[in-house]
Number of protein chains: 2
Amino acid sequence: MPTAFPEDSVGLVTPQQMHFSEPLELACGRSLADYTLVYETYGELNAARSNAVLVCHALSGHHHAAGYHSTEDRKPGWWDSCIGPGKAVDTRKFFVVSLNNLGGCNGSTGPASHNPQTGQPFGADFPVVTVEDWVHSQARLADVLGIQQWAAVIGGSLGGMQAMQWAISYPQRIRHCLAIASAPALSAQNIAFNEVARQAILTDPQFHGGHFMAQGVIPKRGLALARMVGHITYLSDDSMGEKFGHRRKNEQLNFDVHSVEFQVESYLRYQGQEFSERFDANTYLLMTKALDYFDPASKHDGDLTRTLADVEADFCLISFTTDWRFSPARSREIADALIAAQKNVCYLEIDAPQGHDAFLMPIPRYIQAFSSYMNRITF
Amino acid sequence: MPTAFPEDSVGLVTPQQMHFSEPLELACGRSLADYTLVYETYGELNAARSNAVLVCHALSGHHHAAGYHSTEDRKPGWWDSCIGPGKAVDTRKFFVVSLNNLGGCNGSTGPASHNPQTGQPFGADFPVVTVEDWVHSQARLADVLGIQQWAAVIGGSLGGMQAMQWAISYPQRIRHCLAIASAPALSAQNIAFNEVARQAILTDPQFHGGHFMAQGVIPKRGLALARMVGHITYLSDDSMGEKFGHRRKNEQLNFDVHSVEFQVESYLRYQGQEFSERFDANTYLLMTKALDYFDPASKHDGDLTRTLADVEADFCLISFTTDWRFSPARSREIADALIAAQKNVCYLEIDAPQGHDAFLMPIPRYIQAFSSYMNRITF
C-alpha cells in the first residue's frame, strides 16, 4: 500500500546488488579477489546521466538511506529527513545512489561474508579497508551504473570524509562535495574513544580473535560497550541534560552498583543492547579504523591546502555548534584550506543543541541551507 | 636522607590508622559494624586546635596527598603541588589531614577488607557509600583528632563534593569550603561515562559478581577499559591534541585492527593497564556510584539555594576553562546558589588547557589564587 507512506517519501525501495569480479587492490597492501556491493537508488537518472548524487554512510550506516522496505517498516531509511521528493536531496531532480560500504554488515562483502579461500566467514581475516578504498569501490559502481561524474557526493561524519576523498581522488568525477559534520582527520580524543570501543570488543572473550561466527557466539558485551561510548559522543552534553538530566529511574534509589538508578543509564544500556544484536563486531572494528586512518593531508606533509590543490569540485561544509565529536573548528580547517587553495567553498555553522547527531535531524535552518545549495546545482 | 627531598616538601610521612568500633549507619540503610580509616597529617595542630584543614580525595585518590613514604619514591603524594611549606596549603601554618575514604583500596576499610560476617573479603558485599557517609566518617575522625572545627575543607572533583557536603551537613564545623573543579551533581553525560565504566567492569568474566578475590583473579580488562574512558574525560580535547595529535606510533602503518597505530592509543593502553594493576574494581564501582548519587539539592526539590541556606562556611570555588567533565558552568551554578542564599563566595575561573586534570597541576594563576585565599584565613 504505497498510500501508507508520507507524500514526501520515496516510498517502497528494493536494495540491489552489484557483483565485481575484478580484484580490488587495497591501501593495506592486500586485495579482494571479488566482491559485492549492495545499494539503493532513488529518483531517475536523466538521459545525460548528469543528475546523479552519491550518498555515503557513516560508521553504523548502510545503503538504506531513504524510503521503506515494506509497509510494515516502523522507520524509513536513516537519512529520510533529507532524501525524497521536495526534500534537500530532491528525488524529483536527482538520481540518488546509496550503498553499503565494503567491510559492512548490511549486504556488501564484509567480515560476515564467505571467504572463498577458507570456506568460512572472513571474520578477522577481512582486510582493513580505508576511505580511499571505499571511494575506489564506489567509482567502480559508478562506472557500471554509467555515471561518469557525480553532480554531488554527500555525506555526514565518516560519510563526509568519503565525499572529501572523492574530490581528491577523482577531481573530474565530482562537481559538488558536501561534507557535513566532518573533519579532515580524527583528533587524538576521537582516536582515543575509538580505541576504547575497539578494546571493549577485542577483550570480550566471545570475540574469539574475530572468528566468533565459527564458534556460534556474538561478542555482545563488547559491542554494546563500544556503542555506549560512541553514543555519548554523538550527543551533546546539553541535549543529554535536556533529555535525562539527573532524573532517577524510580523515586526510590536502590543503592547498589548493578542497579539502573538514573534514566540516562537505562537509555544507554538499551542503545548498547539493541546495537549489539544488529551490528557485526568485526565491521565495527573496521569502521573505527577507517576513521582513524583517514588523513589525506599526510601524503603532503600534513598540508591540507596542498592536498586540496587539484580538487575541482565546489564544496559545501556544514557543522553544528554543539558537535564536540567533529566540532565546527574541524570544518573550518577544511574551509580555510580550500580558501587558501582558491577553491569555491560555502561554509555554514548551524546553531543546534543535538551534538554530532544533528546532521541526521530535521533542523529547519540546516535543511533550508542544504536544500538551497542542492537546488542551485545545475546540469 | 631527608636532604633528598625538595625544600618545599613535607618530606617523609607515615600513614596512620584509626579504628572505629561504633557502627556507622549508611545512606543505603546498611551499617558498618566497625571500620578503619587510614590517614596522613602534615604540619602541626596548634594549641587552639583551630588550624586544621581536611583534604578530600577524588575518584582514584587516597590519603597520600603530600610528601614521600620513602627516599626511594619516584613521585610524591597526589597533591604535592599544593600542600607543603610555602605552598597553597602551607604546612607551616596549617595542620593538614588527608584520609583514604571508606570503600577505598588504599588501607581504609573497603571491598578488599576482611568481612567479619563471612571470613572472606567483602568484595561485592561492601555497602554502597555516599558522599554524606564519607563526611560522617570524616567527622568521627575529626572528633578523635580533637578537631571541633576545620579551618577549611578542601577538595577537587569528587573531593570538592565532600567539601560542599561538609558545609551542608556540619555548618558549624567548617569555616572555609574550597571546592575545585567540582559540580553540584553529575550531568547526564557524567553519569553516562560512569555507567560505561561500570559496565566494562561488571561484564568482565573475571569480575565474578564482585567476588574475584575469592577466585584469585582480577578483572583487569574491565578496569583498564573503565580507566581509559575516565582518563579521556580528565583531559581536554586540546591538551590531547597538543600531546598526541594524529601522530603515528611508527611511520609505517600496520593496517590491522589490533595494532597500536597512533601515539594516543599507546598512551591510553598504558594508562589502563597500569591502573588495573593497582586499583580495586569494587572500589571503582563504589566511587562512581558515590559520584552519581551526590545531589544535595534533591532533598530540597532540586533547589540548590535552599540546600545551602544554613551553611556558615565561606566558599572558594575554582574552575578551569577547558574542563568539560565539571565545566565552569557547574561551578557557577554553585556560586549563583550561594549568592542567592546570601553567603560569602569567591569564584575563580582559570584559563588552563589541561581539562579536568588542571586541578592537580601547578598552574601559576591557580596556585596563586588558591594560596591567596588560604593565606587570608585567620584563626
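Buried means under 20% relative accessible area, exposed means over 50%, and partly exposed lies in between. The exercises below use a predicted model.

**Exercise 1. Place Thr130(B) and decide whether Thr130(B) is buried or exposed.**

Step 1. Find the element. Thr130(B) sits in the loop between strand 10 (120-121) and helix 1 (131-145) of chain B.

Step 2. Apply the cut-off. The relative accessibility of Thr130(B) is 7%, so Thr130(B) counts as buried.

Step 3. List the contacts, leaving aside neighbours within four places in sequence. Thr130(B) is in contact with Phe255(A), Ala27(B) and Ala290(B).

**Exercise 2. Locate the annotated active site and describe the surroundings of Asp323(A) and His356(A).**

Step 1. Start from the record. An unreviewed UniProt entry gives the annotation "active site" to Ser157(A), Asp323(A) and His356(A). These residues are spread over 200 residues of sequence, yet they cluster in space, with a largest C-alpha distance of 10.7 Å.

Step 2. Take Asp323(A). This residue lies in the loop between strand 11 (314-320) and helix 9 (328-340) of chain A. Its relative accessible area is 1%, so Asp323(A) is buried. Beyond four places in sequence, Asp323(A) touches Ala181(A), Pro328(A), Gly355(A) and His356(A).

Step 3. Take His356(A). The loop between strand 12 (345-350) and helix 10 (364-376) of chain A holds His356(A). At 2% relative accessibility, His356(A) is buried too. Not counting neighbours within four places in sequence, its contacts include Ser157(A), Thr233(A), Tyr234(A) and Asp323(A).

Step 4. Link the two. The side chains of His356(A) and Asp323(A) make a polar contact at 2.8 Å.

**Exercise 3. Which residues carry the "binding site" annotation, and where do they lie?**

Step 1. Read the record. In the unreviewed UniProt entry, "binding site" covers Arg227(A) and Asp357(A). They span 131 residues in sequence, but their C-alpha atoms are no more than 14.0 Å apart, so they gather at one spot.

Step 2. Take Arg227(A). Helix 4 (residues 220-234) of chain A contains Arg227(A). Its relative accessibility is 8%, so Arg227(A) counts as buried. Leaving out residues up to four places away, Arg227(A) touches several residues, among them Ser60(A), Tyr234(A), Gln271(A) and Tyr284(A).

Step 3. Take Asp357(A). The loop between strand 12 and helix 10 of chain A holds Asp357(A). With 15% relative accessibility, Asp357(A) counts as buried. Outside its neighbours within four places, Asp357(A) is in contact with Tyr234(A) and Leu235(A).

Step 4. Compare the contact lists. Tyr234(A) appears in the list of Arg227(A) and in that of Asp357(A).

**Exercise 4. Describe the interface of chain B and chain A.**

Step 1. Count residues. In this interface, 54 residues of chain B contact 54 residues of chain A.

Step 2. Read the area. The two chains bury about 4,600 Å² between them, and 71% of it is on carbon and sulfur atoms. His246(B), Phe255(B) and Val257(B) supply 15% of the area that chain B buries against chain A, more than any other three residues.

Step 3. Look for polar links. The interface has 16 residue pairs in polar contact, both at pLDDT 80 or more. Helix 3 of chain B gives the most to the side of chain B that touches chain A, with 11 residues. By class, that side has 31 nonpolar, 11 polar and 12 charged residues.

Step 4. Look for salt bridges. Six cross the interface of chain B and chain A. One example joins Glu195(B) to Arg269(A), with the closest N and O atoms 2.5 Å apart.

**Exercise 5. How many salt bridges does the whole structure hold, and where do some examples lie?**

Step 1. Take the total. Over all chains there are 34 salt bridges.

Step 2. Stay with Glu195(B). Arg198(B) forms a salt bridge with Glu195(B), at 3.3 Å between the closest N and O atoms. Both lie in helix 3 of chain B, three residues apart, about one turn of the helix. Both are buried.

Step 3. Take a mixed pair. Asp90(B) and Arg92(B) form a salt bridge at 2.8 Å between the closest N and O atoms. Asp90(B) is buried at 9% relative accessibility, whereas Arg92(B) is exposed at 63%.

Step 4. Take a partly exposed pair. Arg306(B) and Asp303(B) meet in a salt bridge at 3.6 Å, N to O. Arg306(B) is partly exposed at 44%, and Asp303(B) is partly exposed at 28%.

Step 5. Finish with a network. Salt bridges link Glu195(A), Arg198(A), Lys289(A), Asp292(A), Glu265(B) and Arg269(B).

Note on methods: Residues numbered from 1 in each chain as written. Chains lettered and ligands numbered in written order. Predicted model: local features only at pLDDT ≥ 70, side-chain atom pairs only at ≥ 80, totals over all residues. Heavy atoms only, no water. UniProt positions renumbered as here; feature names shortened; annotations may be inferred. Helix = DSSP H or I, 4+ residues; strand = E, 2+ residues; numbered from the N terminus. Buried < 20%, exposed > 50% of the residue type's maximum accessible area, 1.4 Å probe, protein only. Contact = heavy atoms within 4.5 Å. Polar contact = N/O pair within 3.5 Å; in protein donor to acceptor, adjacent residues only side chain to side chain. Buried area = accessible area lost by both parts, 1.4 Å probe. Salt bridge = Lys/Arg side-chain N within 4 Å of Asp/Glu carboxyl O. Nonpolar A, V, L, I, M, F, W, Y, C, P; charged D, E, K, R; others polar.
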